[in-house]
Amino acid sequence: MSASTMCTTALSFTRTNGLCLGNYALSLLSRTATYSTALSTNNGKGFPNRPIRGPRRPKRESGAPRTEKMLENQDWTAVYPSAAPFKPSAVPLPVRMGYPVNRGVPAEKKGNLELMKIPNFLHLTPAAIQKHCDALKPFCTEWPASLDSDAACEEHFPIQLESKEFVSAGSSLRNPKTRVVTLKVKLSSLNLDEHARKKMVKLVDDRYCKETDTLTIVTESCPLRQQNYDYAMYLLTVLYHESWKTEVWEAEKTRADMEEYHWEDSRSQKNVLDTLRRMRVTSEGEEDPGAVREELLGQPEVQEYRESVTRLKNEGETEETMLQYREAVKKLLNV
Amino acid sequence: MAAPIVIVRNVGAVARTVFRTSRALHKVDICGTYDRQAISSQSWRLQTPATFHTASVFRSAPAITVIDEPDTLYQKVEVLVKGHDKTVLDSYEFFATLAAKELGIGLGKVYEPPKHIEKLTVLKSVHIFKKHRVQYEMRTHYRCIELSRVTGSTVQVYLEYIQRNLPEGVAMEVTKTAIEKVPEHIQKPMWDDAPKEEQASQSGEK
């Protein structure tokens with residue numbers, strides 16, 4: 001009677017909870033109903049013994065932790081062969097982690113969630129790393145001994161290709177920056193003559209850096225990295241061959257298009273020749289203008305003046321260049 | 001035992017990729033004594049984390065064969081790891097540098113770029129109370145390991161090893177700088193050999 005009433009109450013309880021137990025549960029309940037009266041209200045652990053509602057197996061007692069059986073010279077790579085969460089019973093260290101509550105000490109390792117949350121490197125001890133590397137060594141190859149410096153690499157392998165790879169956790173494995181390819185090459189390592197070099201620099205515009213003499217081509221228009229690499233090499237090839245060509249309209253290159261300053265056929269030359277001619281004409285009579293010109297240009301003072309003006313225009317105004325120009329002008333005008 | 005398990009894992013991964021040597025300009029490949037079907041079933045088994053049966057999977061150690069293909073050369077490989085916890089990155093740096101030394105890879109700079117803090121300010125309450133807000137910040141710590149002058153095979157091995165042991169919550173960015181010779185078609189201008197060829201139309205230079 002009591003068992004049946006208990007069963008009905010238990011059933012009603014479970015029904016309100018939304019569970020549906022069945023015959024097995026009923027038999028258990030009938031058994032537990034007889035147990036509940038014999039048990040004391042408190043067991044040794046300090047938890048009150050509640051009547052068991054539902055299929056519960058008696059809890060097994062855990063044995064001694066593994067750490068007590070560990071020797072000092074054991075093989076740790078056998079305890080943690082791969083990445084595993086922190087097991088307090090398997091790690092023989094007296095580790096504590098946590099905020100010291102009530103001016104106490106950090107919590108012990110047993111049941112410590114903070115220790116379990118943080119990624120541990122117990123599987124990557126130096127001994128384990130050495131073992132792994134010994135196994136991986138046969139798959140590695142040696143770097144050629146003759147390429148021992150950056151200069152040697154630059155000399156024999158002038159083209160540099162940069163690309164990126166990414167490893168991260170997320171909803172997608174893809175990273176759009178993976179397909180970008182950057183090609184860097186020094187123009188001095190390519191077979192270019194003067195005209196080809198100037199034309200190449202004009203063709204690439206911003207992609208050429210004058211200080212380091214490096215051409216940088218960045219390709220990211222294709223969806224795959226291999227395609228972008230092929231496109232970059234194609235661009236380099238085309239630039240190279242196009243710069244060797246001389247088009248018909250290149251003959252119309254004006255003074256404004258020139259990269260460097262040339263003193264020949266410039267206003268400075270004309271002015272100098274006029275000045276010197278007038279200085280001469282005061283002393284001598286009429287002469288053949290062509291011969292006079294050649295003679296004037298051949299003078300060392302004029303040559304020096306030419307050097308100073310070219311240097312001033314190409315390198316910019318520094319104290320050195322200005323002084324050189326001053327000296328040249330003084331010598332030219334006999335001042 | 002730990003070591004055989006590790007060999008099995010790595011070779012299983014390696015069987016899917018191709019290795020090269022530069023010594024005699026040859027490629028190194030893995031060729032075991034098992035057939036292709038066995039590879040696919042074994043590689044599936046190797047991917048499940050907790051079931052390692054070492055002796056039963058491989059009958060003998062896989063042999064390394066050399067293939068004719070020149071190895072790529074990398075002047076610099078930069079490995080940048082990012083994470084929210086500095087101590088985890090410290091441990092990872094120790095692991096990566098030790099692994100590089102063991103594999104005989106020359107290390108360049110190993111340094112710590114300054115951390116980046118992203119802050120945001122949100123309203124504390126669901127409705128009104130504009131004057132009361134709460135601020136959160138996300139700190140990203142970085143660590144950069146530069147390898148100098150490595151071959152393609154070695155880089156593949158090292159990166160695979162490093163990436164497989166990347167801890168949770170850490171991301172990695174690898175920048176590789178490969179070096180190459182000037183290709184044959186750029187050695188000399190083609191106009192010397194074929195002057196009669198029609199000059200090609202403008203290509204996509206810009």
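These legends describe close-up views of a predicted model.

**View 1. Chain A as a whole.**
Chain A contains 12 helices and 4 strands. Of its 335 residues, 30% are buried. Contacts in chain A between residues at least 6 apart in sequence include many of long range: 51% join residues at least 24 apart.

**View 2. A salt bridge within helix 4 of chain A.**
A:Glu114 and A:Lys117 pair through their side chains, with 3.0 Å from N to O. Both residues sit in helix 4 of chain A, residues 113–117. They are 3 residues apart, so about one helical turn separates them. A:Glu114 is partly exposed, at 34% relative accessible area. A:Lys117 is exposed, at 53%. The cut-off for exposed is over 50%, which is why the two residues fall into separate classes.

**View 3. A salt bridge between chains A and B.**
The side chains of B:Arg149 and A:Asp150 form a salt bridge with an N to O distance of 3.0 Å. B:Arg149 belongs to strand 7 of chain B (residues 133–151), and A:Asp150 to helix 6 of chain A (residues 150–156), so the pair joins two chains. B:Arg149 is partly exposed, with a relative accessibility of 25%. A:Asp150 is also partly exposed, at 44%.

**View 4. A:Arg197 and A:Asp213, a link between distant parts of chain A.**
A salt bridge connects A:Arg197 with A:Asp213, and their closest N and O atoms are 3.0 Å apart. The partners are 16 residues apart along the chain. A:Arg197 lies in helix 7 of chain A, residues 194–204. A:Asp213 lies in the loop between strand 3 (208–209) and strand 4 (214–219) of chain A. A:Arg197 is partly exposed, at 28% relative accessibility. A:Asp213 is buried, at 13%. Buried requires under 20%, so A:Asp213 meets the cut-off.

**View 5. Positive phi at two aspartates of chain A.**
Most residues other than glycine have a negative phi. A:Asp205 is not a glycine, yet its phi is positive, at about 55 degrees. A:Asp205 is found in the loop between helix 7 and strand 3 of chain A. A:Asp213 is not a glycine either, and its phi is also positive, at about 55 degrees. The loop that holds A:Asp213 runs between strand 3 and strand 4 of chain A. This residue is the buried salt-bridge partner of A:Arg197.

**View 6. A salt-bridge network in chain B.**
Four residues are linked here by salt bridges: B:Asp90, B:Glu93, B:Glu112 and B:Arg143. Over all chains, the salt bridges number 26.

**View 7. Helix 4 against helix 5 in chain B.**
Helix 4 of chain B (residues 86–102) and helix 5 of chain B (residues 152–164) have axes that come within 11 Å and cross at roughly 155 degrees. That angle makes the two helices roughly antiparallel. Their crossing is right-handed. Helix 4 of chain B contributes B:Tyr92, B:Phe95, B:Ala96, B:Ala99 and B:Ala100 to the contact. Helix 5 of chain B contributes B:Tyr158, B:Tyr161, B:Ile162 and B:Gln163. By class, the contact residues are 8 nonpolar and 1 polar, with no charged residue.

**View 8. Helix 11 against helix 12 in chain A.**
The axes of helix 11 (residues 300–315) and helix 12 (residues 319–332) of chain A come within 9 Å. They cross at roughly 155 degrees, so helix 11 of chain A is roughly antiparallel to helix 12 of chain A. The crossing is left-handed. From helix 11 of chain A, the contact residues include A:Val302, A:Tyr305, A:Val309 and A:Leu312. From helix 12 of chain A, they include A:Met322, A:Tyr325, A:Ala328 and A:Val329. Charged residues also take part, among them A:Glu301, A:Arg311, A:Glu320 and A:Lys331. The contact divides into 9 nonpolar, 3 polar and 6 charged residues.

**View 9. A:Glu68 and A:Ser89 in chain A.**
A:Glu68 sits in the loop between helix 2 (23–38) and helix 3 (76–79) of chain A. A:Glu68 is exposed, with a relative accessibility of 59%. Its C-alpha atom is 8.8 Å from that of A:Ser89. Along the chain, A:Glu68 and A:Ser89 are 21 residues apart.

Technical notes:
Residues are numbered from 1 along each chain as its sequence is written. Chains are lettered from A and ligands numbered from 1 in the order in which they are written. This is a predicted model: local features need pLDDT of at least 70, side-chain atom pairs count only at pLDDT 80 or more; totals for chains, interfaces and linings use all residues. Side-chain values use heavy atoms; hydrogens and water are left out. Buried means under 20% relative accessible area, exposed over 50%, partly exposed in between (1.4 Å probe, protein chains only). Axes are lines fitted to C-alpha atoms, for helices over the stretch in contact, and angles run from 0 to 180 degrees between N-to-C directions. Angles under 35 degrees count as roughly parallel, over 145 as roughly antiparallel, 65 to 115 as roughly perpendicular and the rest as oblique. A crossing is left-handed if the near helix is turned anticlockwise from the far one by less than a right angle, and right-handed if clockwise. Contact means heavy atoms within 4.5 Å.
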